[in-house]
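Me: Could you take me slowly through one part of this protein, beginning with a single residue in a loop and then moving on to what surrounds the centre of the sheet? I am in my first year, so please explain each step as you go.

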Amino acid sequence: MVTGYYFPNFHRDCGSMLQWERVKTSVEKGEIVACHQFGGDWMHVFELTKRLIEIESVTGNEKQVALFLRDHLSSLGYGVKLEEAAPERFNIEAFAGKPLVVLTTHLDTVPPFIPFREDDRFIYGRGACDAKGLIAAQIEAAERLRQEGENRIGLLFVVGEERDSAGALFANQRPPGSRYFIDGEPTENRLAVASKGSLRLEITARGRSAHSAYPEQGDSAILKLLDVLQDIRHIQLPVDPTLGSSTCNIGVLEGGMRPNVIADQARAEIMFRSVEPIDQLKRRLEETVRGRAEIDYRFEVPVMRLGAVEGFETTVVSYTSDVPFLDRWGQPFLLGPGSILDAHTDHERISKKELLKGVELYSRLARHLINEG
Ligand SMILES: [Zn+2]
């Protein structure tokens with residue numbers, strides 16, 4: 001596999017011979033080669049969205065889509081870098097020059113893969129709005145700026161946003177000196193001025209097994225866990241004037257072995273969407289559980305307050321993103337076409353009209369921030 005930088009304009013300057021040599025090498029090495037690579041260069045945002053959806057990239061399996069984007073962005077003339085954020089998992093960085101503004105989103109999707117399909121109004125398939133349509137829109141927005149002669153723009157596409165933000169955490173160790181970044185998540189084309197934090201945790205209760213006919217001989221972990229969960233459900237969670245209320249989802253419940261055995265172990269996986277500082281939430285939780293079960297914190301993201309810009313509609317979002325993990329890439333903004341209510345569903349989709357509007361908003365916001373300096 002070829003890694004490292006491709007320098008700008010080699011395709012336009014060197015013509016199809018060099019391009020063909022590279023495609024041939026990729027074919028020989030058994031890498032996926034899309035037919036556009038034979039011709040290279042620009043693709044319509046709908047076409048690019050389609051190509052991206054067609055390459056499955058469930059978290060952990062982002063390699064092929066990264067290779068595709070490396071080739072595509074190289075053919076457009078960017079300096080492109082593949083960065084191995086985790087074994088065989090690559091972030092893509094593409095710069096037209098020294099970037100002042102970076103457009104970024106993620107390469108991975110949630111499972112399962114859903115194939116591409118379209119009608120007059122929508123593009124459907126896994127990643128349509130989270131976030132492959134947004135990758136296409138950001139590339140097109142960067143292209144518009146370059147056509148105007150503006151090269152202080154960069155692109156960053158990371159692995160792992162849907163699980164642990166591994167790609168963003170890795171990229172944050174190597175900031176390119178940009179002053180702003182615009183993270184793409186579906187906000188219905190409105191600038192998110194705040195996002196809820198999140199806390200994922202596991203609670204395990206332990207007991208003692210016994211024959212179910214003699215429950216006094218045992219100690220049921222399941223009953224213990226149910227009591228704890230019931231108390232957690234009744235925690236008074238705070239309400240924020242901008243963000244609304246904190247919420248709690250008990251997403252996984254497991255325990256016991258047989259109906260005729262007192263369970264010696266039970267566990268639950270819980271996710272909070274928080275409008276208060278995560279440490280405060282942890283304190284509430286610990287006071288509620290009072291040592292009756294073990295709490296194992298798995299992952300947390302703080303509440304974010306983001307910038308607003310005149311002339312852009314605003315919103316607040318309940319979900320988290322890579323924004324908190326890219327703080328060394330500059331001041332954050334969060335914007336993208338599509339609805340979060342379609343993301344992670346079996347009918348994931350993006351409106352074509354909104355996608356085109358997204359291109360316009362990304363280029364307008366980037367231009368505005370570049371002018372701010
Ligand atoms: Zn996303």
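Reply: In this predicted model, Thr 59 is found in the loop that connects α4 (45-54) with α5 (63-76). Is Thr 59 buried or exposed? A residue is taken as buried when 20 or more other C-beta atoms lie within 10 Å of its own, and Thr 59 counts as buried because it has 20 C-beta neighbours inside 10 Å. Some of its surroundings come from distant parts of the chain: Gly 160 is 101 residues away from Thr 59 along the chain, and yet the two C-alpha atoms are separated by 5.5 Å. If we leave aside the neighbours within four places in sequence, the contacts of Thr 59 are with Asp 108, Gly 160, Glu 162 and Arg 163.

From the loop we can turn to the sheet, which is open and has six strands in the order β1-β2-β6-β3-β7-β17, with mixed pairing. Its edges are formed by β1 (79-86) and β17 (331-334), each of which pairs on one side only. On average, and with direction ignored, neighbouring strands are turned by 20° against each other.

To see what mixed pairing looks like here, start with strand β2 (residues 89-95) and strand β6 (residues 153-158), which run antiparallel and are joined by four bridges. Within this pair, Glu 93 of β2 is placed opposite Leu 156 in β6. Two helices pack on the sheet, and α6 (residues 128-147) is one of them, touching β3 (101-106) and β6, with a direction that makes about 160° with that of β3. The other, α10 (residues 352-372), touches β3, β6, β7 (180-183) and β17, and its direction makes about 145° with that of β3.

Strand β3 has a partner on each side in the sheet order. With β6, β3 pairs in the parallel sense over six bridges, and with β7, β3 also runs parallel, joined by four bridges. One residue shows both pairings, since Val 102 stands opposite Gly 154 in β6 and opposite Phe 181 in β7. How many of the six residues of β3 are buried? Six of the six are, so the strand is largely enclosed by the rest of the structure. Both of its faces are covered, with Val 101, Leu 103 and Thr 105 buried on one side, and Val 102, Thr 104 and His 106 buried on the other.

Helix α6 is also largely enclosed by the rest of the structure, because 17 of its 20 residues are buried. The helix has a kink of about 30°, centred on Leu 134, and it is followed by Gly 149, whose phi is positive, near 90°.

Nonpolar side chains tend to be buried together in soluble globular proteins. Here the largest nonpolar core has 77 residues, and those with the most contacts inside it are Leu 155, Ile 182, Leu 335, Tyr 362 and Ala 366. Helix α6 supplies the largest share of this core, eleven residues. Another core, of 16 residues, lies apart from it and includes Ala 205, Leu 225, Ile 262 and Ala 263.

Finally, a word on confidence: the mean pLDDT of the protein is 90, and 89% of its residues reach 70 or more. Over residues 1-21, however, the pLDDT is below 50, and this stretch has 23 contacts in the model beyond near neighbours in sequence. Residues 30-39 are likewise below 50, with 16 such contacts.

Conventions. Residues numbered from 1 in each chain as written. Predicted model: local features only at pLDDT ≥ 70, side-chain atom pairs only at ≥ 80, totals over all residues. Pairing = 2+ DSSP bridges. Axes fitted to C-alpha atoms, helices over the stretch in contact; angles between N-to-C directions. Contact = placed C-beta atoms within 7 Å. Buried ≥ 20, exposed ≤ 12 C-beta atoms within 10 Å, placed from the backbone. Bend = angle between axes of the 7 residues up to and from the residue. pLDDT = per-residue confidence, 0-100. Core = buried A, V, L, I, M, F, W, Y, C linked by C-beta atoms within 7 Å.
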